Amino acid sequence: MKSFNYVITDPQGIHARPAGILVKECAKFASKIEIEKDGKKADAKRILGVMGLGVKQGMEITVSADGEDEDAAIAAVEEFLKANL
């Protein structure tokens, strides 16, 4: 299992458009990918779960991946977050 922490810099937090793109990015991988905020976890492949976390600017999230392609999944999600959120 691989994981990393990330602080959201987007003024709107994780809102609908980037959340939808993030879900599509995560769906490319076989690994289970989760986003955690304040002890609450969500499946990163489900938009309602991601939006339900209510992540705002300045909040720290933990992204974890577990599975056969976890290294590639973590790298892709981290790159996406840095570029978009």
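This dialogue explains how to read the fold of a predicted model.

Student: How many helices and strands does the protein chain have, and in which pattern do they follow one another?

Tutor: This predicted model contains three helices and four strands in the protein chain. Along the sequence they follow the pattern β-α-β-β-α-β-α.

Student: What is the order of the strands in the sheet?

Tutor: The order in a sheet is to be read separately from the order along the chain. Here the four strands form an open sheet with the order 1-4-2-3, and their pairing is antiparallel. Strand 1 (2–7) and strand 3 (40–43) each have a single partner strand and stand at the edges, so one side of each is left without a neighbour in the sheet. On average, neighbouring strands of this sheet are turned by 25 degrees against each other, direction ignored.

Student: How many bridges join strand 2 to strand 3?

Tutor: Strand 2 (residues 32–37) and strand 3 run antiparallel and are joined by four bridges. As an example to locate in the structure, Ile35 has Ala42 in strand 3 as its bridge partner.

Student: Which strands does helix 3 touch where it packs on the sheet?

Tutor: Helix 3 (residues 70–84) touches strand 1, strand 2 and strand 4 (60–66), and its direction makes about 5 degrees with that of strand 1. The 15 residues of helix 3 reach 21 Å from the first C-alpha to the last, close to the 21 Å expected at 1.5 Å a residue.

Student: Which residues of helix 3 are buried, and which exposed residues lie on the face turned away from them?

Tutor: The general idea is that an α-helix has 3.6 residues a turn, so residues three or four places apart point the same way. In helix 3, the buried residues are Glu70, Ala73, Ile74, Ala76, Val77, Phe80 and Leu81. They cover an arc of only 165 degrees around the axis, which puts them on the same side of helix 3. These buried residues pack against strand 1, helix 1 (16–27), strand 2 and strand 4. The face turned away from the buried side carries the exposed residues Asp71, Glu79, Lys82 and Ala83.

Student: What radius of gyration does the protein chain have, and what would a compact globule have?

Tutor: A compact globule with 85 residues would have a radius of gyration near 12 Å, and the protein chain agrees with this at 11 Å. Its C-alpha atoms fill a box of roughly 35 × 25 × 20 Å along the principal axes. Of the 85 residues, 44% are buried. Among contacts with a separation of 6 or more, 68% are between residues 24 or more positions apart.

Definitions and conventions:
Residues numbered from 1 in each chain as written. Predicted model: local features only at pLDDT ≥ 70, side-chain atom pairs only at ≥ 80, totals over all residues. Heavy atoms only, no water. Pairing = 2+ DSSP bridges. Helix = DSSP H or I, 4+ residues; strand = E, 2+ residues; numbered from the N terminus. Axes fitted to C-alpha atoms, helices over the stretch in contact; angles between N-to-C directions. Contact = heavy atoms within 4.5 Å. Expected span 1.5 Å × (residues − 1). Buried < 20%, exposed > 50% of the residue type's maximum accessible area, 1.4 Å probe, protein only. Arc of directions from axis to C-beta. Rg over C-alpha atoms; globule rule 2.2 N^0.38 Å.
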